[in-house]
Structure formats: structure tokens, C-alpha cells
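Work through these exercises with the model open. Each has a task and a stepwise solution.

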Amino acid sequence: HLQTLRSLASLDTAHDSTLDDLVRVAAHAFHCPIALISLVGADRQWFKASFGPVPPHGATCLPLCAQALQYNEVFVVSDASLVPQYADLPLVKGPMGVRFYAGVSLRVDGHKVGTLGVLDHKPRALDADERTLLVDLAHAVEHWFSSRRRQMQLAQRESEFRQLAEQMPGIVYRAALDDASSTLYVSPRVRDLGFTPEQWMAQPDAWLQALHPQDRDRVL
């Protein structure tokens, strides 16, 4: 669970517009003043995206989110002030006055990493359609996390490739086998041929032109 959170490398990063859109949709769809995407660690909670007032320090909704993590379906507290384990939370009895909470766990690679939740200042309930909608929105959030991690993994592999290529004694290049023979990457050693990498990249068939005429057919 914690390893999965770290692999996302997004705990304390700036808000993402896609996630901001999703929590805004959740808040409007459920007519709630607050919607949160929370990442939950062993003893800490991060609000990755939020709509409406974020609970201040000391008024965390960690107990509610932690409970939602234990459920495979939607976890609902219709009136937190009537539930002994939640009634004394600063989030409930403090200025925010939260009464209603509905949350669903978020999974990445089978690990529960956080929750999507909606909160209201007045008691209420969720019907079957609303529960289904909250689960669907949670799946969209999960897809965002999975996509982000794939992008990060690709970026990491690209970085490792470039570090290796730049340490090699020869010129390393990557080209597409298209009509233009487009160069996708060339290592800095291309300067040995009198080009900068930028010049080489700007000339689609540069690597073809660099071949000795007698070698061209054999290479191709």
C-alpha cells in the first residue's frame, strides 16, 4: 500500500486539472458542498484534489476515510453527529459541522490507496443510483492514477535510456521506419559529425544522408 503510494509520486504535488474536474462533478452530482480525493497512509492523509472548503489542520476526516477503505462498496454515514465514534471529531462538532459522508475506496494495482468522498453539512442518504455513480467516478480517478504511473514509468525508462546512450562511445540514435526516416533521438556524440542534436533532429533524413553512398543499400 505505502509502496504503491510512493510509486505514484503524487502525494504532495500540485493539483491536477483532471482530478479537480472530477471532484467538482462529484460535488455537483450529489449536491454536496465538499468533495475530496484523499490519499491515506499509515498515519497521514493527503487531499490530492478538493472541491469546497478543505478540512483545516486538526479537523481531518481520516477516521471516516480510513473506515471507507475497509469497505468494498460505498461507505455512508448519514449523520455523523449520531454515531459515537464520529460525533466528537473536530470535523463534525467543529466549525465545519459535517454530518453526512459517503466515500468509496480507490485502488491501484489491487492496493487501496485512498478514497473519493462527498461531505455535507446536513444529514442525508444515498440511493442505489447515487451509489453506482460514486463508484463510477472512483473508477475514473483510479484510471487517472494508473495512467499517471504508466507515464512516470515511461519517463523513467526514457531517462535511463538517455543516460546509457550518452555514456556510450558511439553515436546512438532512434529513428522511425517511416517515409521520412524521422529521427526520434540522437545522442550528443553526433557532434563528432559536425551536427548538434537539435540540428540532426530538425533534418528528418539526416542519418540517411550521413551514410556512405556505397553502404546505403546494404544498411537499408
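**Exercise 1: a helix pair**

In this predicted model, α2 and α6 are roughly antiparallel to each other. Task: show how that follows from the axes, then find which residues make the contact.

Solution.
- Step 1. Take the angle. The axes of α2 and α6 cross at roughly 175 degrees and come within 10 Å.
- Step 2. Apply the cut-off. Angles over 145 degrees count as roughly antiparallel, so the pair falls in that class.
- Step 3. List the contact. α2 gives Thr 18, Leu 19, Leu 22, Val 25, Ala 26 and Ala 29. α6 gives Leu 133, Leu 137, Ala 140, Val 141 and Trp 144.
- Step 4. Sort by class. The contact has 10 nonpolar residues, 1 polar and no charged ones.

**Exercise 2: the cores**

Task: describe the largest nonpolar core and say which elements build it.

Solution.
- Step 1. Count. This core has 28 residues. Ile 37, Leu 106, Leu 116, Val 118 and Phe 145 have the most contacts inside it.
- Step 2. Assign elements. Two or more residues come from each of α2, β1, β2, β4, β5 and α6. The largest share, 6 residues, is from α6.
- Step 3. Check for another core. A second, separate one has 19 residues, including Val 40, Cys 61, Val 77 and Tyr 101.

**Exercise 3: one side of a helix**

Task: find the buried residues of α3 (residues 62-69) and place them around its axis.

Solution.
- Step 1. Leu 64, Cys 65, Ala 68 and Leu 69 are buried.
- Step 2. Their arc around the axis is only 145 degrees, so they lie on the same side of α3.

Notes. Residues numbered from 1 in each chain as written. Predicted model: local features only at pLDDT ≥ 70, side-chain atom pairs only at ≥ 80, totals over all residues. Heavy atoms only, no water. Buried < 20%, exposed > 50% of the residue type's maximum accessible area, 1.4 Å probe, protein only. Helix = DSSP H or I, 4+ residues; strand = E, 2+ residues; numbered from the N terminus. Arc of directions from axis to C-beta. Core = buried A, V, L, I, M, F, W, Y, C linked by side-chain atoms within 4.5 Å. Axes fitted to C-alpha atoms, helices over the stretch in contact; angles between N-to-C directions. Parallel < 35°, antiparallel > 145°, perpendicular 65-115°, else oblique. Contact = heavy atoms within 4.5 Å. Nonpolar A, V, L, I, M, F, W, Y, C, P; charged D, E, K, R; others polar.
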